[in-house]
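Here is a friendly walk through one structure, from a pocket to the strands around it and then to the disulfides.

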Amino acid sequence: MGSGLIKSLFPLLLHFTINYSRTLPTSLNTSMHSVNMKHILKWSPLQASCSTVNYSVQFQGEYEFYKLNGTWMNAYDCQEISENRCDLTHDLASNSDYSIRINTNCDGQKSWTQLPATFNRRDTVLLAPKMIVNVEGDPIQVGFSTTLPDMTINLKVWKEGDEQNALIYAIRAHPYQFSIAAHRGQEKMCFRAEAVVEAINKICSIDTQCVIIPEQTSDFVKPMIVSVAVVVAVVMAFTLGWSATHFGPQIKEICHREPIPSVLLDDWPTSTTILCTAVPLEPTDLLLLPAVQLEGTV
């Protein structure tokens, strides 16, 4: 009977041996990279021979664990993907401790890899925005370059040596710029700021900048030059127009062409082309002028 049982189970054992002898690596060396509230999950590629391989990512927060009976949620943009990275910024949207796992599918054979530790978006690394102070225009412009969403910048401004009387301004929306009127004349103004992300209760400081506020002359001189040029052009145009209207007839009279005497037109050709050559006149065509007798002549 024992030999009969072995014979009956042998085909089943052979089936499992052939189809399930190959096992996938259990570790993909996963890690989470989070900077300025942008959360990117990365993992090493699968070290196995597969004709096709894809990955699917799932997450489970405190809400899913306690309220949804341990349900795992699919990361919307990371299902059956071939890349070894996943952007979870919109999925991990609360200050909760999230468990994250990756399903690897190699030619239909699947395995799970879980992130070694839970992730909380409060662990993100905040990079201080760059502060740019432009003193060329009027008023002074202070701007901040950042890609951090939902951020508030508290800007502190004071005259050098008088920080106890500093003014503080709150900038709460893009493009994160602020205009400040200042007294010009070689005085030095100082600016310091801090970026606050209230959603995760984190603050990063921005280094102090002290700049000299020079005298502003170019903004006055340039418009003045343009205005004068426009006025001169208008006056000249008006003068030329007025002169053409009032002095046009006089100019025509001065330049009036006298008619040619008829004696010179008697033998003037009417149809031949005039060439620029000298033609001798017949004696009969000459105009004889009367002689004038001079006194003292015989």
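## The second largest pocket

The second largest pocket has a volume of about 170 Å³. This is a predicted model, in which local features need pLDDT of at least 70, side-chain atom pairs count only at pLDDT 80 or more, and totals for chains, interfaces and linings use all residues. Residues are numbered from 1 along each chain as its sequence is written, and side-chain values use heavy atoms, leaving out hydrogens and water.

Which residues lie nearest the centre of this pocket? They are Val-157, Lys-159, Leu-167, Ala-181 and Met-189, out of 13 that line the pocket. The lining divides into eight nonpolar, two polar and three charged residues. Strand β10 gives the largest share, three residues, while β10, β11 and β13 each supply at least two.

## The strands around it

Strand β10 (residues 152–159) runs antiparallel to β13 (residues 187–197), joined by eight bridges; Ile-153 has Ala-195 in β13 as its bridge partner. β10 also pairs with β11 (residues 167–171) in the antiparallel sense, over five bridges, and here Lys-156 is partnered by Ile-168 of β11.

## A disulfide from β13

Strand β13 also takes part in a disulfide (cysteine sulfur atoms within 2.5 Å): Cys-190 is joined to Cys-210, S to S 2.1 Å. The pair links distant parts of the chain, with Cys-190 in β13 and Cys-210 in β14 (residues 202–213), 20 residues apart. The torsion about the S-S bond is about 110 degrees, so this disulfide is right-handed.

Technical notes:
Two strands pair if DSSP finds at least two bridges between them. Helices (H or I, at least four residues) and strands (E, at least two) are DSSP runs, numbered from the N terminus. On a 1 Å grid over the protein atoms alone, a cavity is a set of points where a 1.4 Å probe fits but cannot get out, and a pocket is an open set with protein on both sides within 12 Å along at least five of seven lines; lining residues have an atom within 4 Å of a point. Grid points are joined across faces, edges and corners, and a volume is the space filled by probe spheres set on the points. Ala, Val, Leu, Ile, Met, Phe, Trp, Tyr, Cys and Pro count as nonpolar, Asp, Glu, Lys and Arg as charged, and the others, Gly among them, as polar.
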